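Biologist: Hello! I have some questions about how the helices pack and about a few single residues. Could you take me through them?

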Amino acid sequence: MTSLASWWWPRRPARVPRARPASVLAGLGAVLFGVSALVLKAGATGWDVSLFRILNEVPPAVASVLTPLSRLCLPVGIVIVVVLTVIYVLVRDRGLLPVAAAAVAAGAAWALANVAKAVADRPRPYEVVAGAVLRQQPAHGTSFPSSHTAVTLAVVIALVPFLPRALAAAGITYAVLVGWSRVYLGVHYPLDVLAGAGIGMAVGGAVWLALRLLLRRRPTDDRATVP
């Protein structure tokens, strides 16, 4: 009879980074978010608005190419990509630990981003920037930070130890694309995206540290290893 533990541990070796790089990633994420919050609080956002205009107010010919690409990064597209990736990992590794890591990362990043939104209370750019182009339905909530960026990057980082390197690189690229799309669609400033990326990095690094502890406690006869 198959035990619950046999469904929990992944069957393939997990390439979980060592504690030092995981801690550095989490620390860099926290610093990136903290600096972004301080810049916003100080009101030093002129560059932010200027960069928003460059990325958002593109010529119609360019928009005709970028808009279909941005649709891949709408909430429905993000959910589809994340679900397909989780299913792939579940089938490939035959373990629930990667799924749990992704779920914890998503929940933590979403919660932290929404707490920050409530504190910062920054209006959306399409509400206050003259000429801003809104290319989706009006977004709910406030602008700082980008929760889409935070959640997507956190989930991708959490799954990196369980993915082939090529797919892990593709996941990181997709997370970057999500961040860009939030500005292009008109619902976030670049500073919001940087802050969201900081949250995603901090949560992802923390998940790596937790994975190291968990995988070191697994039965010695299992095949996955931790460096």
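Biologist: Are H2 and H10 roughly parallel or roughly antiparallel to each other?

Modeller: Happy to help! This is a predicted model, where local features need pLDDT of at least 70, side-chain atom pairs count only at pLDDT 80 or more, and totals for chains, interfaces and linings use all residues. Residues are numbered from 1 along each chain as its sequence is written, and side-chain values use heavy atoms, with hydrogens and water left out. The axes of H2 (residues 19-42) and H10 cross at roughly 155°, with axes being lines fitted to C-alpha atoms, for helices over the stretch in contact, and angles running from 0 to 180 degrees between N-to-C directions. Angles over 145 degrees count as roughly antiparallel, under 35 as roughly parallel, 65 to 115 as roughly perpendicular and the rest as oblique, so H2 and H10 are roughly antiparallel.

Biologist: How many nonpolar residues does the contact of H2 with H10 have?

Modeller: Ala, Val, Leu, Ile, Met, Phe, Trp, Tyr, Cys and Pro count as nonpolar, Asp, Glu, Lys and Arg as charged, and the others, Gly among them, as polar. By that scheme the contact of H2 with H10 has six polar residues and one charged residue, and its nonpolar count is 20.

Biologist: At what angle do the axes of H8 and H10 cross?

Modeller: H8 covers residues 147-159 and H10 residues 190-216, and their axes come within 7 Å, crossing at roughly 30°. That makes H8 roughly parallel to H10. By class, their contact has 13 nonpolar, five polar and no charged residues. The crossing angle, once more, is roughly 30°.

Biologist: Which residues does Leu209 touch, leaving out those up to four places away in sequence?

Modeller: Leu209 is found in helix H10, and at 27% relative accessibility it counts as partly exposed (buried is under 20% relative accessible area, exposed over 50%, partly exposed in between, with a 1.4 Å probe and protein chains only). Leu209 and Pro17 are 192 residues apart in sequence, yet 8.3 Å apart in space, C-alpha to C-alpha. Taking contact as heavy atoms within 4.5 Å, Leu209 touches Ala19, Ala22 and Ser23.

Biologist: Nice. What is the phi of Asp121?

Modeller: Asp121 lies in the loop between H6 (97-120) and H7, and at 52% relative accessibility it counts as exposed. Its phi is positive in a residue other than glycine, near 50°.

Biologist: Is the peptide bond from Phe144 to Pro145 cis or trans?

Modeller: Pro145 is found in the loop between H7 (125-128) and H8. With omega near -5°, the peptide bond from Phe144 to Pro145 is cis.

Notes
Helix = DSSP H or I, 4+ residues; strand = E, 2+ residues; numbered from the N terminus.
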